[in-house]
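Pull up the model and keep the sequence alongside it. We'll walk through the fold together, starting with the overall picture and ending with a few individual residues.

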Amino acid sequence: VQDWFEEYYYFESPADDPPGPKRGALKVVRGGCFGMLAADCRSAARRGHDPASPAESIGFRVVMTAG
């Protein structure tokens with residue numbers, strides 16, 4: 001996700017397709033990892049993270065439907 005993170009941005013943003021803040025210190029990270037609560041592991045869960053700071057809990061998942 002390329003959006004900058006601002007905790008309260010969506011309280012006052014446009015309802016349809018909000019563009020996100022123009023600048024910030026943190027980037028948006030969605031979802032969660034194995035060490036988080038289940039509620040934080042959904043794709044709609046958002047938090048901010050310093051883009052210059054690597055973390056083991058950030059990455060991507062490859063999903064394949066079995067069958």
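What follows goes from the whole chain to the sheet, and then to some single positions.

First, a caveat: this is a predicted model. The protein has 0 helices and 3 strands, and reading along the sequence gives you the pattern β-β-β.

How does the radius of gyration of the protein sit against that of a compact globule of 67 residues? The protein comes out at 14 Å, whereas such a globule would be near 11 Å. If you lay the C-alpha trace along its principal axes, it spans about 40 × 30 × 20 Å. As for burial, 16% of the 67 residues count as buried. The accessible surface adds up to about 5,800 Å², with 56% of it belonging to carbon and sulfur atoms.

Two more whole-chain values are handy here. Take the contacts with a separation of 6 or more: 29% of them are made by residues 24 or more positions apart. On the charge side, there are 8 positive and 9 negative charges, and their mean positions lie 4 Å apart.

Now for the sheet. It is open, it has 3 strands in the order E1-E2-E3, and the pairing is antiparallel. Why do E1 and E3 each have one side without a neighbour in the sheet? Strand E1 (4-5) and strand E3 (46-49) stand at the edges with a single partner strand each, so one side of each is left open in that sense. As a general reminder, strands of a sheet pair through backbone hydrogen bonds, either parallel or antiparallel.

Take the two pairings in turn. E1 pairs with strand E2 (residues 26-30) in the antiparallel sense, over 2 bridges. One spot to look at is Phe 5, whose bridge partner in E2 is Leu 26. On to the other pairing: E2 and E3 run antiparallel and are joined by 4 bridges. Here Val 28 stands opposite Gly 48 in E3.

Let's move into the loop between E1 and E2, where you'll find Tyr 9. Is Tyr 9 buried or exposed? Its relative accessible area is 16%, so Tyr 9 counts as buried, the cut-off being under 20%. What does Tyr 9 touch, once neighbours within four places in sequence are set aside? The contacts are Pro 14, Pro 18, Pro 19, Gly 20 and Pro 21. Looking further along the chain, Tyr 9 and Arg 46 are 37 residues apart, and their C-alpha atoms are separated by 12 Å.

Asp 17 is in the loop between E1 and E2 as well. With a relative accessible area of 72%, Asp 17 is exposed. Check its backbone too: phi of Asp 17 is near 50 degrees, a positive value in a residue other than glycine. For context, most residues other than glycine have a negative phi.

Next comes the loop between E2 and E3, which holds Ala 39. Ala 39 is exposed, at a relative accessible area of 53%, where the cut-off is over 50%. Try drawing a line from Ala 39 to Gln 2: the two are 37 residues apart in sequence and 23 Å apart in space, C-alpha to C-alpha.

Finally, go past E3 to Asp 50, which lies in the segment after that strand. Asp 50 is partly exposed, with a relative accessible area of 37%. Which residues does Asp 50 touch, not counting those up to four places away in sequence? They are Ala 25 and Leu 26. You've already met Leu 26 as the bridge partner of Phe 5. Val 28 turns up again here as well: its C-alpha and that of Asp 50 are separated by 9.0 Å, with the two positions 22 residues apart along the chain counted as their separation.

Conventions: Residues numbered from 1 in each chain as written. Predicted model: local features only at pLDDT ≥ 70, side-chain atom pairs only at ≥ 80, totals over all residues. Heavy atoms only, no water. Pairing = 2+ DSSP bridges. Rg over C-alpha atoms; globule rule 2.2 N^0.38 Å. Buried < 20%, exposed > 50% of the residue type's maximum accessible area, 1.4 Å probe, protein only. Contact = heavy atoms within 4.5 Å. Areas by Shrake-Rupley, 256 points an atom, 1.4 Å probe, with all protein chains shown as cover. Lys, Arg positive; Asp, Glu negative; His and termini not counted. Charge placed at Lys NZ, Arg CZ, Asp CG, Glu CD.
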